[in-house]
There are 2 protein chains.
Amino acid sequence: MSIQVYWGSGSAFAWRVLLALEVKQLAYESKLIEFSKQEHKTAEFLRLNPRGKVPTLRDGDFVVYESIAILQYLDRKYPQVPLFGTRAEDTGLINQDVCEVLSYIEKPVSQMTRPLFSGELAGKESQVREAAAILHRELQQYDARLARCSWLRGDTLTAGDIVLYPFIPTLLRAAAKPVAGPLNLGFLPFGERYPHMARWSAAIEKLPGYARTYPPHWRQ
Amino acid sequence: MSIQVYWGSGSAFAWRVLLALEVKQLAYESKLIEFSKQEHKTAEFLRLNPRGKVPTLRDGDFVVYESIAILQYLDRKYPQVPLFGTRAEDTGLINQDVCEVLSYIEKPVSQMTRPLFSGELAGKESQVREAAAILHRELQQYDARLARCSWLRGDTLTAGDIVLYPFIPTLLRAAAKPVAGPLNLGFLPFGERYPHMARWSAAIEKLPGYARTYPPHWRQ
């Protein structure tokens with residue numbers, strides 16, 4: 001099998017790549033890296049990616065890393081089911097969606113979820129609350145957009161949907177931690193707060209192959 | 001003239017777009033936004049970009065923002081002088097270069113330069129020093145790459161060069177501030193510390209039209 005994907009359970013960045021491969025219905029070999037075993041620091045893996053990060057993709061002799069770069073590569077190499085559009089204007093706006101996730105979602109998701117997942121919340125309550133407030137403002141915008149169409153850019157799933165999606169279950173998993181309860185972060189029940197985003201999330205979760213992308217340690 | 005670019009003097013993000021337009025030799029109308037006059041918060045500008053940020057590009061009736069999305073749009077719309085390659089593998093690696101700038105350069109440049117430009121350095125000396133140390137590690141990698149080729153990806157200028165470049169004069173301008181002197185940040189003289197990056201920067205500065213992209217307030 002020519003495509004190999006190195007990923008980590010729960011990495012939102014790696015999840016994007018798995019979703020893209022499933023949407024494009026490309027066969028791939030799953031290489032699940034266990035960070036707890038330092039598998040991202042082995043000499044073999046560092047030869048593929050000197051930064052020791054996932055996702056990293058190998059396609060025959062070719063190696064590429066950084067999640068968005070992998071999506072761009074896959075879309076150019078395997079253009080069936082285009083993720084970045086075919087008209088220049090669509091390409092621009094889909095990349096705009098992608099960039100907005102990187103600029104406005106990634107950081108507050110990390111700031112909100114890390115203290116909740118690690119259990120080391122003490123002293124970080126205001127950081128978590130401020131990040132949640134930023135995310136609410138962004139999710140309101142997404143919910144309004146998704147009230148008018150099935151996917152972020154209309155009737156067709158694009159890279160913007162794939163890049164945004166993994167942060168939503170990550171956010172909800174953190175919000176459901178008992179330690180988050182007293183903070184009243186206001187994301188749950190998600191379907192009541194953000195009905196259009198919830199419908200959109202459910203549509204992604206019905207994609208063929210979605211189960212293969214789901215973080216294995218979340219099932220435990 | 002059909003292309004209009006809204007930019008701000010000294011914005012590294014906007015600078016990328018101006019460089020791309022010059023490299024592609026596209027005619028454009030320069031719309032210099034003055035933040036001090038709140039021109040990015042006018043109703044007219046917010047209709048183009050609800051976030052009130054530069055760069056924002058208008059091409060006829062089409063509007064796109066976020067610097068990398070603008071570059072992707074321009075490259076698809078005006079493919080002469082390709083910035084993201086033509087083979088899928090080149091596209092992947094050029095996007096990898098772009099993503100690495102976003103992931104590893106943007107934040108430490110901001111952390112190092114803002115206290116130096118604002119003059120509000122007190123209490124932030126260790127933040128500035130730590131950011132400078134991160135940047136030195138990255139610049140060493142770039143310098144080693146540029147010892148072997150003219151541009152980041154070989155003989156041809158690509159989007160990676162354009163996305164990285166504006167941070168270098170920004171960094172050097174901050175490092176040359178008198179307030180930075182006692183911190184001994186170690187970037188100057190740049191040509192001695194990073195000779196290959198210095199040669200690469202000079203090559204960009206010799207591109208036709210470069211003078212039009214230079215931050216006007218830096219000349220004062």
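Helices and strands are taken here as DSSP runs, with at least four residues for a helix and at least two for a strand, numbered from the N terminus. The structure on display is a predicted model, and the tour below proceeds by selection.

**The loop at B:Ile105**

Select B:Ile105, which is placed in the loop between α4 (88-104) and α5 (106-118) of chain B. Is this residue buried or exposed? With a relative accessible area of 2%, B:Ile105 is buried. Display its surroundings next. Apart from neighbours within four places in sequence, B:Ile105 contacts B:Glu100, B:Leu135, B:Glu138, B:Tyr142, B:Leu164 and B:Phe167. A distance drawn from the C-alpha atom of B:Ile105 to that of B:Ala131 reads 9.4 Å, although these positions lie 26 residues apart along the chain.

**Along helix α6 of chain B**

One of the contacts of B:Ile105 is B:Glu138, and this residue belongs to helix α6 of chain B. Because its relative accessibility is 10%, under the 20% limit, B:Glu138 counts as buried. Which residues does B:Glu138 contact, beyond its neighbours within four places in sequence? They are B:Tyr104 and B:Ile105 of chain B, together with A:Arg51 of chain A.

Now select the whole of α6 (residues 125-146) and α10 (residues 195-205) in chain B; their axes come within 7 Å and cross at roughly 70°. The two helices are therefore roughly perpendicular to each other. To view the contact, show B:Leu139, B:Tyr142, B:Asp143 and B:Leu146 on α6(B), and B:Pro195, B:His196, B:Met197, B:Arg199 and B:Trp200 on α10(B). By residue class, this contact comprises 6 nonpolar, 1 polar and 2 charged residues.

**Helix α10 of chain A**

Move to chain A and select A:Ser201, found in helix α10 (residues 195-205). A:Ser201 has 6% relative accessibility and so counts as buried. Leaving out neighbours within four places in sequence, its contacts are A:Tyr165, A:Ile168 and A:Phe190.

**Helices α1 and α3 of chain B**

Return to chain B and select helix α1 (residues 12-23) with helix α3 (residues 67-77). Their axes come within 9 Å and cross at roughly 15°, which makes α1(B) roughly parallel to α3(B). The crossing of this pair is right-handed. On α1(B) the contact is made by B:Phe13, B:Arg16, B:Val17, B:Ala20 and B:Leu21, and on α3(B) by B:Ser67, B:Ile68, B:Ile70, B:Leu71 and B:Leu74. These residues divide into 8 nonpolar, 1 polar and 1 charged.

**Helix α3 of chain A**

How many residues of helix α3 (residues 67-77) of chain A are buried? The count is 9 of 11, and the helix is mostly covered. Among the buried residues are A:Ile68, A:Ile70, A:Leu71 and A:Leu74.

Select A:Arg76 in the same helix, α3 of chain A. With 33% relative accessibility, A:Arg76 counts as partly exposed. Apart from neighbours within four places in sequence, A:Arg76 contacts B:Phe84, B:Gly85, B:Thr86, B:Ala88 and B:Thr91. The C-alpha atom of A:Arg76 is separated by 22 Å from that of A:Thr213, 137 residues apart along the chain.

**Backbone geometry**

Most residues other than glycine have a negative phi, and most peptide bonds are trans. The next selections depart from these patterns.

- Select A:Glu66, in the loop between β4 (62-65) and α3 of chain A. Its phi is near 80°, a positive value, and at 15% relative accessibility A:Glu66 counts as buried.
- Select B:Glu66, in the loop between β4 (62-65) and α3 of chain B. Phi is again near 80°, and B:Glu66 counts as buried at 13% relative accessibility.
- Select B:Val54 and B:Pro55, which are joined by a cis peptide bond with omega about 0°. B:Pro55 is in the loop between α2 (43-48) and β3 (56-59) of chain B.
- Select B:Leu188 and B:Pro189, where the peptide bond is cis with omega near -5°. B:Pro189 is in the loop between α8 (167-175) and α9 (190-193) of chain B.

**The two chains together**

Finally, display both chains. A turn of 180° with a shift of 0.0 Å along the axis lays chain B on chain A with an RMSD of 0.0 Å. That is the relation of a two-fold axis. To locate the axis from chain B, select B:Leu102, whose C-alpha comes closest of the residues of that chain, at 4.5 Å. Of the interface residues of chain B, 100% are also interface residues in chain A, so the copies meet through the same surface.

Conventions: Residues numbered from 1 in each chain as written. Chains lettered and ligands numbered in written order. Predicted model: local features only at pLDDT ≥ 70, side-chain atom pairs only at ≥ 80, totals over all residues. Heavy atoms only, no water. Axes fitted to C-alpha atoms, helices over the stretch in contact; angles between N-to-C directions. Parallel < 35°, antiparallel > 145°, perpendicular 65-115°, else oblique. Contact = heavy atoms within 4.5 Å. Nonpolar A, V, L, I, M, F, W, Y, C, P; charged D, E, K, R; others polar. Least-squares fit on C-alpha atoms with pLDDT ≥ 70 in both. Buried < 20%, exposed > 50% of the residue type's maximum accessible area, 1.4 Å probe, protein only. Left-handed = near helix turned anticlockwise from the far one by under 90°.
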